[in-house]
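User: I'd like to go through the labels on this model and see what backs each one. Can you take me through the reasoning?

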Amino acid sequence: MSSVARLQDLPPPGGFGKIHYEKVPHKSFFNGKWIAITFGISYALGIAGYLASVNIIKRQRIETQSARNAIQPFLLAERDRQLLLQMRKNRDAEAELMKDVEGWEVGTLFGTPVYNTVGENEWIGYRPNSYYAHADPDRRLDYEGFSLYV
Amino acid sequence: MVLTNQFKLPTEEELTVPELNVTAAALATGAFHLGKYCEEPCKEFILCRDELGDPRKCLDEGKKVTSCGIEFFKKVKKSCLAEFTQYQKCLISSSSNFEYGPCRKTQEVFNECVKAHIGIDRPRPTYFCEPKIHDSKRPAPALPQYPKYDDATPGLPQNYPKDKISTESTQGVFDGNI
């Protein structure tokens, strides 16, 4: 049994490196003073830009709204006439449709009125369901905005 | 199924009048001058519509409004058609909702033409957003009459001593004896 030179596990020549246990800080570009100054300047510019544009936008909206108010009576007058015309047509259509039904009175359910506390000639408005009662249901969808644009 | 035969509706002849047959763009283009030209009928109509709340009672006022609008657009067509068309084209092509901001130059041209031929100034931009006072010749509608009931809670007598009336600060747990 020949003798073999035995080697012990030892550090590399020159020893191990140092252990980094301290915090390694990032490279800093600004300090607190410059961050505060940049923040202040950008905030001031933003507020100035907002104040400059918000009045312009408000003025535009007021002018557009003013124009709409100006033409409102014309649209309302035309709409009223169209509504009354259609109400008469609907009433005539109901009388024509139900003429064979015995005991039917127009505007009532076999003599029972819809409203008990409203006078006969009192205006209570006219609902879209009533307006489109004798029309194609698709026209009702057009009014609601649910129609497909095909 | 709401309209009975007793419900009075105007006939078709009463409702058929020449309508203001223009597009939305034309209405937006002439809106300010139109509103100023037809200010009195518009105010009368809107007041009637607001007070009475019944379209059947305001048909005559509405017809006056529409005929006034037709009259205005006829005058514009007669004297300022080129300026009107130019301004309208600018409004259509500048924005999607007829904003007036981008079209001040063509607007100025149109304003001068209307001022020269029809004789009305363009009102300030906020004019139609301001509240207005209108003195109408139509009598005001009667206030609603509420029934009076006999068994309503009677008030205190006129000569009731004031120191016995509990005030707001002494009401509640103290019952007036602090």
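User: Where is Phe110(A) found?

Analyst: Phe110(A) is in the loop between strand S1 (108–109) and strand S2 (112–113) of chain A. Bear in mind that this is a predicted model.

User: Why is Phe110(A) called partly exposed?

Analyst: Its relative accessibility is 48%. Buried needs under 20% and exposed needs over 50%, so Phe110(A) lands in between and counts as partly exposed.

User: And what about phi of Phe110(A)?

Analyst: Phe110(A) isn't a glycine, yet its phi is positive, about 50°. Most residues other than glycine have a negative phi.

User: Which loop holds Phe98(B)?

Analyst: The one between H6 and H7 of chain B. Phi of Phe98(B) is positive too, near 55°.

User: What makes Phe98(B) partly exposed and not buried?

Analyst: Phe98(B) has a relative accessible area of 23%. Buried means under 20%, so Phe98(B) misses that label and is partly exposed.

User: How do you know that Asp80(A) and Arg49(B) form a salt bridge?

Analyst: Their closest N and O atoms are 2.6 Å apart. The cut-off is within 4 Å, for a side-chain nitrogen of Lys or Arg and a carboxyl oxygen of Asp or Glu, so the pair qualifies. The count between chain B and chain A is three salt bridges, and 13 residue pairs are in polar contact across that interface.

User: Which elements of chain B give two or more residues to the side that touches chain A?

Analyst: Helix H1 (12–15), helix H3 (31–37), helix H4 (39–52) and helix H5 (59–79) of chain B. H5(B) has the largest share, six residues. By type, that side of chain B divides into 25 nonpolar, 11 polar and 10 charged residues.

User: How much area do chain B and chain A bury between them?

Analyst: About 4,000 Å², with 66% of it on carbon and sulfur atoms. In residues, 46 of chain B are in contact with 40 of chain A.

User: Which residues touch the most other members of the largest nonpolar core?

Analyst: That core has 38 residues, and the list includes Phe74(A), Leu34(B) and Phe72(B). Both chains feed it: helix H1 (32–97) of chain A supplies at least two residues, as do several helices of chain B, including H5.

User: What does Leu34(B) touch?

Analyst: Leaving out residues up to four places away in sequence, Leu34(B) touches Ile71(A), Phe74(A), Leu27(B), Gly69(B), Phe72(B) and Phe73(B). Another core, of 13 residues, lies apart from the largest one, with Tyr131(A) and Leu9(B) among its members.

Definitions and conventions: Residues are numbered from 1 along each chain as its sequence is written. Chains are lettered from A and ligands numbered from 1 in the order in which they are written. This is a predicted model: local features need pLDDT of at least 70, side-chain atom pairs count only at pLDDT 80 or more; totals for chains, interfaces and linings use all residues. Side-chain values use heavy atoms; hydrogens and water are left out. Contact means heavy atoms within 4.5 Å. Buried area is the accessible area (1.4 Å probe) that two parts lose on being put together, summed over both. A polar contact is a pair of N or O atoms within 3.5 Å; within protein, one must be able to donate a hydrogen and the other to accept it, and residues adjacent in sequence count only if both atoms are side-chain atoms. Helices (H or I, at least four residues) and strands (E, at least two) are DSSP runs, numbered from the N terminus. Ala, Val, Leu, Ile, Met, Phe, Trp, Tyr, Cys and Pro count as nonpolar, Asp, Glu, Lys and Arg as charged, and the others, Gly among them, as polar. A nonpolar core is a set of buried Ala, Val, Leu, Ile, Met, Phe, Trp, Tyr and Cys residues joined through side-chain atoms within 4.5 Å. Buried means under 20% relative accessible area, exposed over 50%, partly exposed in between (1.4 Å probe, protein chains only).
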